[in-house]
Amino acid sequence: GARRRSACKAAMGDDERKLFVGRLPLDIEEAEIRHIFGTYGRVTDVVVLDPGAYKAVSGFVTYEDAEAARVAIQVLNNVYKFREDSHCDAV
């Protein structure tokens, strides 16, 4: 199949400090997520979900304040790629 370069997908839930992050590389690590998202504010929690049968990795990033989460979405959503050569299936 064709290889895709999917940009990070982020969205807010009910808690405006907590972001859902999808389209992550299959080999992503928590430290890498903290490093990128930490650029926009203090990250208090990162959860990487098991890809399971979907063959796609997603997770949650929680910031100390909602403004940092909003900035991260503005800057990263559908734009940032964790690695140019990474392969991840669309969520």
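Arg70 and Glu67 sit three residues apart in helix H2, so about one helical turn separates them. Their side chains meet in a salt bridge, with 3.3 Å from N to O. That is a handy place to start a tour of this predicted model.

## Charged pairs

The structure holds five salt bridges, and three of them are worth a stop here. Besides its link to Glu67, Arg70 forms a salt bridge with Glu16, where the closest N and O atoms are 3.0 Å apart. This pair ties together distant parts of the chain: Glu16 belongs to the loop between strand S1 (9-12) and S2, Arg70 belongs to helix H2, and the two positions lie 54 residues apart in numbering. Glu16, Glu67 and Arg70 are thus linked in a network of salt bridges.

How far apart are the closest N and O atoms of Arg34 and Glu30? They are 3.0 Å apart, and the two residues form a salt bridge. Both lie in helix H1, four residues apart, which is about one turn of the helix. In general terms, an α-helix has 3.6 residues a turn, so residues three or four places apart point the same way. Side chains of opposite charge can pair when their charged atoms come close.

Are these charged residues buried, exposed or partly exposed? The table gives the relative accessible area for each one.

| Residue | Relative accessible area | Class |
|---|---|---|
| Glu16 | 41% | partly exposed |
| Glu30 | 39% | partly exposed |
| Arg34 | 30% | partly exposed |
| Glu67 | 45% | partly exposed |
| Arg70 | 34% | partly exposed |

## Helix H1 and its two sides

Helix H1 covers residues 30-37, and Ile33, Ile36 and Phe37 are buried in it. These three cover an arc of only 90° around the axis, which puts them on the same side of H1. What lies on the other side of H1? Ala31 and His35 are there, and both are exposed. The buried residues of H1 pack against S2, S3, S4 and helix H2 (66-76).

## Strand S4 and its neighbours

Strand S4 runs over residues 57-63 and is mostly covered, with six of its seven residues buried. Two strands pair with S4. Strand S2 (residues 18-24) runs antiparallel to S4 and is joined to it by five bridges; within this pairing, Val21 stands opposite Gly59. Strand S3 (residues 43-49) is also antiparallel to S4, and here six bridges make the join. Asp45 has Thr62 as its bridge partner in S4.

Two residues of S4 deserve a closer look. Thr62 lies in this strand and counts as buried because its relative accessibility is 10%, below the 20% cut-off for that class. Leaving aside residues up to four places away in sequence, Thr62 touches Arg17, Lys18, Arg42, Val43, Thr44 and Asp45. Asp45 therefore appears both as a contact of Thr62 and as its bridge partner, given that contact means heavy atoms within 4.5 Å.

Val61 is found in S4 as well. With a relative accessible area of 1%, Val61 is buried. Again leaving aside residues up to four places away in sequence, Val61 touches Arg17, Lys18, Leu19, Val21, Ile33, Phe37, Val43 and Asp45. Among these contacts are Ile33 and Phe37, two of the buried residues of H1. The C-alpha atoms of Val61 and Val48 are separated by 8.8 Å, and the two residues are 13 apart along the chain.

## The nonpolar core

Which residues have the most contacts inside the largest nonpolar core? They are Leu19, Leu24, Ile33, Phe37, Val61, Tyr63 and Phe82, in a core of 18 residues. The elements S2, H1, S3, S4 and H2 each give two or more residues to this core. The largest share, five residues, comes from H2.

Several threads of the tour meet in this core. Val61, buried in S4 at 1%, is one of its residues with the most contacts, as are Ile33 and Phe37 from the buried side of H1. Helix H2 contributes five residues to the core, while Arg70 and Glu67 of that helix take part in the salt-bridge network with Glu16.

Definitions and conventions
Residues are numbered from 1 along each chain as its sequence is written. This is a predicted model: local features need pLDDT of at least 70, side-chain atom pairs count only at pLDDT 80 or more; totals for chains, interfaces and linings use all residues. Side-chain values use heavy atoms; hydrogens and water are left out. Buried means under 20% relative accessible area, exposed over 50%, partly exposed in between (1.4 Å probe, protein chains only). Two strands pair if DSSP finds at least two bridges between them. The arc is that of the directions from the helix axis to the C-beta atoms. A nonpolar core is a set of buried Ala, Val, Leu, Ile, Met, Phe, Trp, Tyr and Cys residues joined through side-chain atoms within 4.5 Å. A salt bridge is a side-chain nitrogen of Lys or Arg within 4 Å of a carboxyl oxygen of Asp or Glu.
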